[in-house]
Amino acid sequence: MTTATLRISTPIPATRKAPRKSLLARMYDAFIEARMRAALREIAMRRHLVPEDVLKKAGYTATASNDSAYPFTR
């Protein structure tokens, strides 16, 4: 049985970076983000039309700074 070793004088390069998203995927993500911002603006413009006690009774807890309670957020 024979064993051979190979000595490499140059260091092995680091692992590759994660592949970037395609142009279409980045455009789609930007489109979705823009639509979410537009929806938040529309909700904020009409929030005064619903009385506060109705919002509290319905469990509405979203604010402009914390939008995690919106049903359409990720």
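Reader: What relative accessibility does Asp29 have, and how does it count?
Author: This is a predicted model, in which local features need pLDDT of at least 70, side-chain atom pairs count only at pLDDT 80 or more, and totals for chains, interfaces and linings use all residues. Residues are numbered from 1 along each chain as its sequence is written, and side-chain values use heavy atoms, with hydrogens and water left out. With a 1.4 Å probe and protein chains only, buried means under 20% relative accessible area, exposed means over 50%, and partly exposed is in between. Asp29 therefore counts as partly exposed, at 26%.

Reader: Okay, which residue forms a salt bridge with Asp29?
Author: A salt bridge here is a side-chain nitrogen of Lys or Arg within 4 Å of a carboxyl oxygen of Asp or Glu. For Asp29, the closest N and O atoms are 2.5 Å apart, and the partner is Lys21.

Reader: How many salt bridges does that rule give in total?
Author: Besides the Lys21 and Asp29 pair, Glu42 pairs up with Arg46, again with closest N and O atoms 2.5 Å apart. So the count by this rule is two.

Reader: And which helix holds Glu42 and Arg46?
Author: Helices are DSSP runs (H or I, at least four residues), strands are E runs of at least two, and both are numbered from the N terminus. Glu42 is partly exposed at 38%, and Arg46 is too, at 44%. They sit four residues apart, about one turn, within residues 23-46, which is helix α1.

Reader: What about Ile8, buried or exposed?
Author: Ile8 is found in the segment before α1. Its relative accessible area is 55%, so Ile8 is exposed.

Reader: Last one: what share of the chain is buried?
Author: The chain has two helices and zero strands. Out of its 74 residues, the buried share is 7%.
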